[in-house]
Each structure stands twice: as structure tokens, then as C-alpha cells.
Amino acid sequence: MKRLNGKVAWVTGAGTGIGEAAALALAGEGATVVLTGRRRGPLDNLAARIDGPTQVQPGDMTVSAEVDGIAAFIKAELGCLDILVANAGLNIPERDWSNLTAAGVDTLIQGNLCSAFYCTIAALPMMRAQQDGLLIHTSSVAGRFIGGLSGAGYTAAKHGVVAMSHSINMQECVNGIRSCVVLPGEVETPILDKRPAPVSAEDRASMLRPSDVGDLILYVACLPAHVVVNEVMISPTWNRGYVAALGRRGQ
Ligand SMILES: NC(=O)c1ccc[n+]([C@@H]2O[C@H](COP(=O)([O-])OP(=O)(O)OC[C@H]3O[C@@H](n4cnc5c(N)ncnc54)[C@H](OP(=O)(O)O)[C@@H]3O)[C@@H](O)[C@H]2O)c1
């Protein structure tokens, strides 16, 4: 008997990176995984690699009607939603005030913050009816600390995700609902391709692997219902920000 047998987990941003790793980890423990992203190809590819029940449900999480449609599918076809991993997110290369545009801000806030709100709003009615449910939100260390790498829009949106997750616990704990916000440092995933400056292979090799975060998400998902991990930060030991600061100190 696997620990998540009979559980339904909806993972957004499941086609690549952290979401892919989380879906694999959750499925490996027996969960039925619902895989969402905008592109069907990576989701179909992932589903083919999972030895267990999967549902491929493509959708754009910045469009609330599409989010609601997938939630309705889950309710109708699977009957419950135990775990939501609201992980879809993005960044853009234009991160400085000198090149940030209104359209860029829309992309960042919609893609990182509104999407998490829409998924949460869609998931909570099912979880309230069950008086049980776990939400796991992928924020970022940029959601806790303000640095120079991630850009103002991404940093603001990820701070919003942290605030949102804590507010869920404050109001929904009486309904048996738990929310955990995960704050990763640098993870070697396709999002790095959106950095303004290319990231070297050596730097990528020092970063977290997607499976490191996927395993953390699985750990949180397997905790008993009376336990909530409110917030957790995970970063590579060779933290490039810390290493750079050490270098400056020596100058
Ligand atoms: N890698 C890092 O260093 C790092 C650090 C801290 C936090 N994070 C966060 O971790 C999460 C996962 O990112 P990742 O690093 O794994 O990068 P990734 O491989 O680029 O994954 C992001 C996923 O989200 C999906 N997605 C993006 N916008 C979407 C939308 N509107 N609707 C549905 N799906 C959408 C993408 O697929 P489609 O393009 O097919 O939609 C993609 O599969 C993000 O929230 C990111 O901000 C990453």
C-alpha cells in the first residue's frame, strides 16, 4: 500500500521542471495525478512515463474559466481533490525598471500570482466539502527576500504567493485545509533560459535538481492531516548569492 493511494493530486506547470518532478514523486506514491500546463506535448510525454492513473488536462492558469473547467472535470470524473500543487509560473528577461513594460508586469503578475489565486479559488469548494485538503504553492526565495536577480515584478508576485498561502491557513484551518508555500532557491529547470544573461553549465550543475523540490513536495504531501508545514525554503548548498557576497567581502 503506497502512502497516497486513493488520493487525487492536481499539479500545474507539470510538463517540465519542478512540476514534472512533483508529479512523478506524487504518482510514485500512488496518487492519481492531474497534469496541467499550456502545452499538451510535455504533459502527454510525462503521462506516458507514469505507471499509474493520470489525467492530462492542458490549460492556461491565467484564464480563470480554464482553471474552473479543469476543477469541474476533477470533481465530475475523479470525485475529489486532495492535493493541489499550484506550481505554474514564469519569468521574463526584462527585469530592470529600465526595460520593464506594463505588458511585462501583466505577464508576471498574471502568470505567478493570479494563476495561484485562480487555482486556489477553484480548489477550495471541493476541499471544504471534504473538510480536508492540502495546497502546495511554489513561490521562491524571491518571495521572502528582495534581491537583484529576479526582477521587481516576479519578486512582488512571489511575495504575494507567500502572503496568499498564509492567509489560506488563517481562514481555512477550521475546514481541515492546509497550505504550504515552498520557497526554492535556484533550481536547474527551463525557467533559467529566461535569464537576461546566460547561465553557464558549471553554475547550473551547482543548483538544486527538480527532484530535490519534488521530493520535498512529496514529503509535505505525505504528512498526516493534523500537520501543516506553513512555509519551507530549500536552496543549493553552493548558494551563488552567498558565494558572491563572500567574494565581495574579500575585496
Ligand atoms: N527554477 C528555479 O530556479 C525556481 C526558483 C524559485 C521558484 N521557481 C518557481 O518554480 C515554479 C516552476 O518553475 P520551474 O523552475 O520548474 O520552471 P519551468 O520548467 O519553466 O516550469 C514552469 C511550468 O509552468 C508552466 N506554465 C507557465 N505558465 C503557465 C500558465 N499560465 N498556465 C499553465 N501552466 C503554465 C510551463 O508549461 P507551459 O509553458 O506548457 O505552460 C512549465 O511547465 C515556478 O512557479 C517558478 O517561478 C523556480
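Here is a short tour of the sheet, two helices that meet, and the ligand's surroundings.

This is a predicted model: local features need pLDDT of at least 70, side-chain atom pairs count only at pLDDT 80 or more, and totals for chains, interfaces and linings use all residues. Residues are numbered from 1 along each chain as its sequence is written.

Let's start with the sheet. Seven strands (DSSP runs of E, at least two residues, numbered from the N terminus) make an open, parallel sheet in the order E3-E2-E1-E4-E5-E6-E7. Strands count as paired if DSSP finds at least two bridges between them. E3 and E7 sit at the edges, each pairing on one side only. E6 and E7 share four bridges, and proline 184 stands opposite isoleucine 234 in E7.

Two helices (DSSP runs of H or I, at least four residues) go with this sheet. Angles run from 0 to 180 degrees between N-to-C directions, with axes fitted to C-alpha atoms, for helices over the stretch in contact. Contact means C-beta atoms, placed from the backbone, within 7 Å.

| Helix | Residues | Angle to E6 |
|---|---|---|
| H5 | 152-172 | about 160° |
| H7 | 210-221 | about 160° |

Next, H3 and H4: their axes come within 9 Å and cross at roughly 25°. They are therefore roughly parallel to each other (angles under 35 degrees count as such). Ala71 of H3 and Ala122 of H4 are among the residues making the contact.

Finally, 29 residues surround the ligand, each with its C-beta atom, placed from the backbone, within 6 Å of it. Gly13, Gly17, Arg38, Gly89 and Thr189 are the closest. H1 gives the largest share, three residues.

Key: Parallel < 35°, antiparallel > 145°, perpendicular 65-115°, else oblique. Contact = placed C-beta atoms within 7 Å.
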